[in-house]
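User: Please take a close look at one part of this structure and explain it step by step. I would also like to know how that part fits into the rest.

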Amino acid sequence: MKTLSFLAPFDLNGLPLKNRIVMAPMGRSRADDTLHTVNHLHRTYYTQRAGAGLIITEGALVSEEANGGLGLPGIYNRQQIESWRKITDGVHEKGGKIFIQLWHTGRLSHPRFLKGNLPKGPSVLPFQAAVYTEKGFENVPTGEEFTLDEIARVINSFRSAGRKAMLAGFDGVEIQGGNGYLVHQFLNYYSNQRNDQYGGSIQNRSRFLLEIIENLAQVMPVQRIGVRLNPSQHNILGMDLDAQTIPTHEYVVKSLNDFDLAYLHLVSPYTDVTDHHFGVSNVVQHFRPLYKGNLITNGGYNRAKTEEVLRTQEADLVSFGKLFISNPDLVQRLANDWSLNPLQEATIYGGNAAGYTDYPFYEAARVAPV
Ligand SMILES: Cc1cc2nc3c(=O)[nH]c(=O)nc-3n(C[C@H](O)[C@H](O)[C@H](O)COP(=O)(O)O)c2cc1C
């Protein structure tokens, strides 16, 4: 049998991974809505998926003010650390590795999640987006602009969350730098028109992310920090491409070479940008030459595409989202070319074990009585 590239072990800057398949970060809205802790269901869910070379958890809030949705976990207090500890132990017992995604929703939030306060972002600019609340989808109100003191406080909350992630037993952290959330809001012109050191030039708009990395690196090994970017995100989650978007991401990616990071995680655009003047469809092809470190690619991969992108060395690792929701044993299924469980849309967000921890493993499904 031909050796499959994705089954080869990988040295993630000193962290040995058993294969090159990564579970992409995915929020499932099942954390305690008041305490923002995770529970025994999360432990089962992540432990079931420990066959991945690396798991990246759902986005975890770096502070109370980072909140922007229902059932989101946090990583900013002792109770949350203790709740995550059970997950990291479970994954490690199965020989897996696990990073936590550090998240601040910024302007993409709602007063319902912020004790009645308005969401805050880099600038006050009108934009169209809705967030899911207990009343269904609600439009995001125009928020407020962060002061310089508040920016310093937010950067510090990332640093503090990094320290807590280490205490919770995570192998590392991933900074959520895409999907229209706070870091992305600083990078993008349509969400950041500040005229201080955090806005205006490409360098200034990149400063927020780079300062977060510098601060995190003071409390944890830089080799255990990953960054996720979604450079061509367009017409979704309040983000739009403009003339500066790709040049800004090029600057950021080149600047990441100054740090000895775990990886850069690039997300393929969620909408079709092939005809967009300012868009780049194949982000991994575009950015690979600019980045010297480990690259994870994400978005719409299957077995054949994974083999291809690893064989051509455009990426070092491939992350899977939706397929990991419905296939806890995804790596084994891909390795053996077994059939895949379909995704049940209705149970993606919220609820309990149904559609979360009850997707069958391949062997179990085969021997189950009909
Ligand atoms: C239910 C769900 C929740 C997600 N939550 C996050 C998240 O918390 N952080 C993040 O960076 N991306 C999140 N994503 C995006 C995925 O990580 C990934 O980019 C996307 O699903 C495309 O990969 P795929 O084609 O393999 O599913 C989420 C996606 C889904 C389907």
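Analyst: Two residues are in contact if their C-beta atoms, placed from the backbone, lie within 7 Å. Helices (H or I, at least four residues) and strands (E, at least two) are DSSP runs numbered from the N terminus. The model is predicted, so local features need pLDDT of at least 70 and side-chain atom pairs need 80 or more, while totals for chains, interfaces and linings use all residues. Residues are numbered from 1 along each chain as its sequence is written.

The part chosen here is strand S5, residues 98-103. Six of the six residues of S5 are buried (20 or more other C-beta atoms within 10 Å of the residue's own; exposed means 12 or fewer, partly exposed in between). The strand is therefore largely enclosed by the rest of the structure.

Which residues of S5 point one way, and which the other? Ile-98, Ile-100 and Leu-102 point to one side, while Phe-99, Gln-101 and Trp-103 point to the other. In a regular strand the side chains alternate between the two faces of the sheet. In S5, the residues on both sides are buried.

S5 has pairing partners, where pairing means that DSSP finds at least two bridges between two strands. One partner is S4, and the two strands run parallel and share five bridges. S4 covers residues 54-61. Leu-61 has Trp-103 as its bridge partner in S5. Another partner is S10 (residues 172-176), again in the parallel sense, with four bridges. Here Phe-99 of S5 is matched with Gly-172 in S10.

S4 and S5 also belong to a larger unit. Together with helix H2, they make a right-handed β-α-β unit. Right-handed means that, with the strands pointing away from the viewer, the path from the first strand over the helix to the second runs clockwise. H2 spans residues 78-93.

S4, H2 and S5 come up again at helix H1. In H1, residues 40-48, the buried residues are His-42, Arg-43, Tyr-45, Tyr-46, Thr-47 and Gln-48. The cover over these buried residues includes S4, H2 and S5. So what is on top of H1? Among the elements that cover its buried residues is S5, the strand under study.

After S5 the chain enters a loop that leads to strand S6 (120-121), and Lys-115 is found in that loop. Phi of Lys-115 is near 55 degrees, which is a positive value in a residue other than glycine. Is Lys-115 buried or exposed? It counts as exposed, because it has 9 C-beta neighbours inside 10 Å. The six residues of S5, in contrast, are buried.

A second strand, S14, can be set beside S5. In S14 (residues 317-320), Leu-317 and Ser-319 point one way, Val-318 and Phe-320 point the other way, and all are buried. S14 pairs with strand S3 (residues 21-23) in the parallel sense over three bridges, and Met-23 stands opposite Phe-320. S14 also runs parallel to strand S13 (residues 295-298), to which three bridges join it. In that pair, Val-318 is the bridge partner of Thr-297. From S13 the chain crosses through helix H8 (residues 303-311) to S14, and this β-α-β crossover is right-handed.

Some residues elsewhere in the chain lie outside helices and strands. Asp-337 sits in the loop between helix H10 (330-336) and helix H11 (362-367). Phi of Asp-337 is near 60 degrees, also positive in a residue other than glycine. Asp-337 counts as exposed because it has 8 C-beta neighbours inside 10 Å. Leu-7 lies in the segment before strand S1 (10-12). Leu-7 counts as partly exposed because it has 14 C-beta neighbours inside 10 Å. Neighbours within four places in sequence aside, Leu-7 is in contact with Asn-19 and Ala-335. Leu-7 and Val-331 are 324 residues apart in sequence, yet their C-alpha atoms are 8.2 Å apart.

Finally, the whole protein gives the setting for S5. The protein has eleven helices and 14 strands. Its C-alpha trace spans about 60 × 45 × 40 Å along the principal axes. Of the 370 residues, 47% are buried. Among contacts with a separation of 6 or more, 74% are between residues 24 or more positions apart.
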